[in-house]
Amino acid sequence: MFFEPQKRDKTQVPHDVFKGLIIPRPVGWISTANKSGDTNLAPYSFFNGMYSWPNILGFSSEKKKDSLHFARETGEFTWNMATWDLRENMNLSSEGLKMGHSEFEYSGLTPEQGRMVRAPRVAESPASLECKVTQILELTDIDGKKTSATVVFGQVVGVHIDANFLVNGRVDAVKLKPIARCGYNEYIVIKEVFMMERPPSAGNPFGGGD
Ligand SMILES: Cc1cc2nc3c(=O)[nH]c(=O)nc-3n(C[C@H](O)[C@H](O)[C@H](O)COP(=O)(O)O)c2cc1C
């Protein structure tokens, strides 16, 4: 089967397949604070690491959401790892609460003061990355028309990692049990990893900062 996205036959393919194909998408569980001290927490699956050194990551806000407003206002945000144990809390934090009502309390989570940024981290999460905003990019389509998406990029300026999840000096993915988004209402949890060495000339497998 082949189709152009705008010409999809909805009787044959009732739902857009894009989110079902770009899988699994790691959860960018983004915490922010504004200058008045209001805090915000929300998951973004249009999220990923973008560059290895310096460490740069980005999340995409479809329409102008509070995480975008707060990150723009302060130039700061924090990524928190969503794990199997925190899946219900993560889901609750996607509720669009009114300004002044924090998703931390609503989702049963503890805000822990940031070290390098004013955004609090999720204390229950085994890993967080404190970030300073590097770029904010409004996405356009192939006709140059603005979409409703705005991508916020940030450079990591602080790393929190529960040392229990560092085994032999490496992050233990199976122990962490991160969850990631698939299509529709599907998620995946890491229960198994497999190893594959890169070809000898392919470079450093440990990434930017070694
Ligand atoms: C797993 C998951 C992934 C999500 N990914 C995105 C995303 O990539 N972009 C987006 O705009 N909203 C996404 N959402 C919805 C936002 O989390 C939701 O709109 C939230 O209320 C935004 O909060 P805020 O306005 O307080 O920033 C996602 C929700 C869930 C549960």
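**From a paired strand to the ligand shell**

Strand β2, residues 28-33, runs antiparallel to β3, and 6 bridges join the two. This is a predicted model. Within the pair, Ser31 of β2 sits opposite Leu41 in β3. The two strands form a hairpin with 5 residues between them. In this hairpin, Gly37 adopts a positive phi near 100 degrees.

Now follow β3 itself. This strand is mostly covered, with 6 of its 6 residues buried. Its side chains split between two directions. Thr39, Leu41 and Pro43 point one way. Asn40, Ala42 and Tyr44 point the other way. Both sets are buried. Leu41, the residue opposite Ser31, therefore belongs to a buried set: a residue counts as buried when 20 or more other C-beta atoms lie within 10 Å of its own.

Next comes the ligand. How many residues surround it? The shell has 17 residues. The closest are Ala42, Phe46, Glu62, Lys65 and Asp66. Three elements give two or more residues to this shell: β3 (39-44), β5 (56-62) and α2 (66-74). Which of the elements gives the most? The answer is β3, with 4 residues. Ala42 ties the two views together: this residue is buried in β3 and is among the closest to the ligand. By class, the shell holds 8 polar, 5 nonpolar and 4 charged residues.

Another sheet lies elsewhere in the chain order. Here 3 strands form an open sheet, in the order β1-β13-β14, with antiparallel pairing. The edge strands are β1 (25-26) and β14 (187-189), each pairing on one side only. Strand β13 covers residues 179-181 and pairs with β1 over 2 bridges. One contact to look for is Pro26, whose bridge partner in β13 is Ala180.

Finally, step back to the whole protein. Its secondary structure comes to 5 helices and 14 strands. The radius of gyration is 18 Å, close to the 17 Å that the globule rule gives for 210 residues, so the protein is as compact as a globular protein of that length. Along the principal axes, the C-alpha atoms fill a box of roughly 50 × 50 × 30 Å. Of the 210 residues, 29% count as buried. Contacts across the sequence add to the picture. Among contacts in the protein with a separation of 6 or more, 60% come from residues 24 or more positions apart.

Methods. Residues numbered from 1 in each chain as written. Predicted model: local features only at pLDDT ≥ 70, side-chain atom pairs only at ≥ 80, totals over all residues. Near = placed C-beta within 6 Å. Nonpolar A, V, L, I, M, F, W, Y, C, P; charged D, E, K, R; others polar. Rg over C-alpha atoms; globule rule 2.2 N^0.38 Å. Buried ≥ 20, exposed ≤ 12 C-beta atoms within 10 Å, placed from the backbone. Contact = placed C-beta atoms within 7 Å. Pairing = 2+ DSSP bridges.
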